[in-house]
Amino acid sequence: MIQLSACGRAQVSGVAPPGNNIGANVSTIAFWDGSRPFKNLIYGGGWEMKTANGAGMTIPGANLDTNGWVKLLPPGAKAVRALSIPVQPADIVCRWDGDDGDTMQVSDSNGAVRFRRIAGSRELRFDYTSSYAGTLRPAYLSYTVNSANYVRNIDCREDGDNPAAVFDPTFTNLLKGFSVIRFMKWQRAVEANTAVNWAHRNKPGDGDFSLNDGVPVEHMVTLANSLRADPWFAMPWNADDDYVAKFATYVRDNLDLNHRVYVEVSNEVWNGGYPVMLQAQQEGIKEGLDASHGNYGQAMTRYAEKTRHVMQIWGSVFVGQMDRLVRVASAQNVSPFWSEYILSTAGTAESVDALASAPYWGAGDEDVGGKSLDDVMDKLLPEKLSESLEWAKKQKAVANKFRKRYIAYEGGQHVWLNDREQLVAQIERDPRMYALYRAYLSRWNSEIGDTMALFTLTGGVGKAGFGLMEYQGQLEATAPKLRAVREVLRTNAR
């Protein structure tokens with residue numbers, strides 16, 4: 001509940017939020033993830049280089065300036081940048097500072113795209129005809145680099161748009177109504193052995209948000225404020241203490257006072273599929289941490305240790321305002337043993353406010369076997385849904401034991417079939433998915449009742465399809481998961 005402090009400012013209680021408790025994980029900002037968050041289309045891709053012989057390769061970090069713009073390339077090479085895809089075909093204008101030697105051009109996978117520019121100008125116009133609803137064919141800018149006056153501050157957006165607008169309104173409208181926005185996919189949360197420090201962080205206007213620490217904290221806080229949502233951040237494992245403290249300080253000073261901030265360390269450190277888990281394990285072994293549960297136990301002990309340290313920094317920044325802060329420890333949904341192990345590690349429970357897991361329900365190749373679509377939709381997935389929530393109840397019991405909130409950092413269906421991609425598409429688009437999501441969220445509310453950050457906002461269908469919708473701009477009527485979630489959000493808002 002919101003209360004007024006002695007100075008008249010809104011404060012938030014530390015208990016579970018009333019009313020709407022459904023959040024969302026944002027997808028990556030990459031064009032291929034079905035999303036166009038930023039008005040400036042250059043943030044849909046990272047830098048590449050096409051050499052004089054036509055070979056493509058990543059541009060080394062040493063060739064970028066401190067703001068992420070390409071300052072130097074080998075003779076004959078060109079800088080190349082993939083652009084985000086607009087929701088609708090549009091007339092795009094690109095502007096920049098610096099000298100491109102009249103080489104700036106645009107192309108796609110079919111070759112050159114007709115563009116218009118006046119020689120010597122710093123402006124290029126073209127018709128962006130690709131769309132997510134049709135043929136996915138991103139546009140690419142390319143140009144030569146004059147190291148004496150290299151191109152900077154490229155901005156590509158719809159002709160006539162406000163040049164100061166940061167976010168695409170189609171994107172922000174899609175997020176309206178969610179109570180929490182988890183930004184893990186916008187941060188470099190799971191990379192191993194990648195140093196992150198405040199001096200080299202990304203800032204608004206920098207050239208590449210896919211490098212360093214990801215999307216600038218300024219943009220994430222601004223988005224959360226504009227949506228009246230609580231932000232959820234994942235601190236990079238290799239962020240130094242100065243970065244953590246300054247990040248927390250910026251959030252404290254700029255997030256609206258009537259909102260909490262959720263924070264955790266990295267993402268799924270329990271998951272051996274992420275490099276960060278191996279790093280945690282190596283660090284645990286090097287420190288000689290408790291080996292009674294093997295090397296994996298040492299990784300989890302190291303995670304608990306790291307969580308305590310990072311949360312102590314956040315706590316010191318938010319001293320006197322702890323009701324605005326939700327410190328999270330996360331574990332695998334089907335492993336309440338490890339949840340209890342993490343919270344039992346000396347000092348960890350005292351350093352966090354909530355335990356989180358990801359109560360996914362889904363199936364793999366071994367589950368589906370020779371089953372038909374009807375078998376999967378009418379029997380298998382309902383059974384998996386119930387199993388997942390039973391595990392969630394066990395996680396909640398662990399949290400209760402330590403007097404912590406139990407929340408979900410991710411959740412939703414998790415069908416992943418390596419051998420039957422056509423069936424995956426049928427499952428994702430089946431109208432019965434609507435009823436499954438309605439049942440899932442209804443049971444979560446009645447049996448758990450706290451925050452659930454669904455995964456993920458957008459995402460195409462292949463071997464898996466996690467997106468609530470396949471692409472930004474998709475009609476809600478053709479996205480059964482999103483339609484179900486929207487109805488729950490509308491109900492919760494009453």
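Strand E8 (residues 105-108) pairs with strand E12 (residues 140-143) in the antiparallel sense, over 3 bridges. This is a predicted model, so read what follows in that light. Two of the facing pairs involve Gln-105 and Ser-107: Gln-105 sits opposite Ser-142 in E12, and Ser-107 sits opposite Tyr-140 in E12. E8 also pairs with strand E9 (residues 111-112), again antiparallel, this time over 2 bridges. There, Asp-108 stands opposite Gly-111 in E9. E8 and E9 make up a hairpin, with 2 residues between them.

What do the side chains do along E8? They alternate: Val-106 and Asp-108 point to one face and are buried, while Gln-105 and Ser-107 point to the other face and are not. Put that next to the pairings and you get a handy picture of Asp-108, which is buried and has Gly-111 in E9 across from it.

Zoom out and E8 turns out to belong to an open sheet of 6 strands, ordered E5-E4-E6-E12-E8-E9, with antiparallel pairing. Strand E5 (56-58) and E9 stand at the edges with a single partner strand each, so one side of each has no neighbour in the sheet.

**A second open sheet and its disulfide**

Another open sheet has 4 strands in the order E10-E11-E7-E13, and its pairing is antiparallel as well. Its edge strands are strand E10 (115-116) and E13, each pairing on one side only. E7 and E13 are joined by 5 bridges and run antiparallel; one of the facing pairs is Asp-97 with its bridge partner Arg-152 in E13.

How many disulfides does a search of the whole structure find? Just 1. That disulfide joins Cys-94 to Cys-156, with an S to S distance of 2.1 Å. The pair links distant parts of the chain, 62 residues apart: Cys-94 lies in strand E7 (residues 90-97) and Cys-156 in strand E13 (residues 152-158). Is the disulfide left-handed or right-handed? The torsion about the S-S bond of Cys-94 and Cys-156 is about 120°, so the disulfide is right-handed. As for burial, Cys-94 has a relative accessible area of 1% and so counts as buried. Cys-156 is buried too, at 0% relative accessibility.

**Parallel strands around E17**

Here is how the E8, E7 and E17 pairings line up:

| Strand pair | Sense | Bridges |
|---|---|---|
| E8 and E12 | antiparallel | 3 bridges |
| E8 and E9 | antiparallel | 2 bridges |
| E7 and E13 | antiparallel | 5 bridges |
| E16 and E17 | parallel | 3 bridges |
| E17 and E18 | parallel | 3 bridges |

Strand E16 (residues 261-265) runs parallel to E17, and Tyr-262 stands opposite Val-326 in E17. E17 pairs in the parallel sense with strand E18 (residues 354-357) too, where the bridge partner of Val-328 is Ala-354.

Why is strand E17 (residues 325-330) described as largely enclosed by the rest of the structure? Because 6 of its 6 residues are buried. Leu-325, Arg-327 and Ala-329 point one way from E17, and Val-326, Val-328 and Ser-330 point the other way, with all of them buried. So both of the residues named in the pairings above, Val-326 and Val-328, are on that second side, and E17 as a whole has 6 of 6 residues buried.

**Helix H4**

Helix H4 (residues 275-287) has 13 residues and reaches 19 Å from its first C-alpha to its last, close to the 18 Å expected at 1.5 Å a residue. Its buried residues are Val-276, Met-277, Gln-279, Ala-280, Gln-281 and Gly-284, and what they pack against is helix H5 (294-317). Right after H4 comes Gly-288, with a positive phi near 70°.

**Arg-405**

Arg-405 is found in strand E20 (residues 405-408). Is Arg-405 buried or exposed? Its relative accessible area is 10%, and with the buried cut-off at under 20%, Arg-405 counts as buried. What does its side chain contact? The side chain of Arg-405 makes a polar contact with the side chain of Asp-450, at 2.7 Å. Arg-405 also lies 12 Å from Leu-343 in space, C-alpha to C-alpha, with their positions 62 residues apart in sequence.

Definitions and conventions: Residues are numbered from 1 along each chain as its sequence is written. This is a predicted model: local features need pLDDT of at least 70, side-chain atom pairs count only at pLDDT 80 or more; totals for chains, interfaces and linings use all residues. Side-chain values use heavy atoms; hydrogens and water are left out. Buried means under 20% relative accessible area, exposed over 50%, partly exposed in between (1.4 Å probe, protein chains only). A polar contact is a pair of N or O atoms within 3.5 Å; within protein, one must be able to donate a hydrogen and the other to accept it, and residues adjacent in sequence count only if both atoms are side-chain atoms. Two strands pair if DSSP finds at least two bridges between them. A disulfide is a pair of cysteine sulfur atoms within 2.5 Å. The expected span of a helix is 1.5 Å times one less than its number of residues. Contact means heavy atoms within 4.5 Å.
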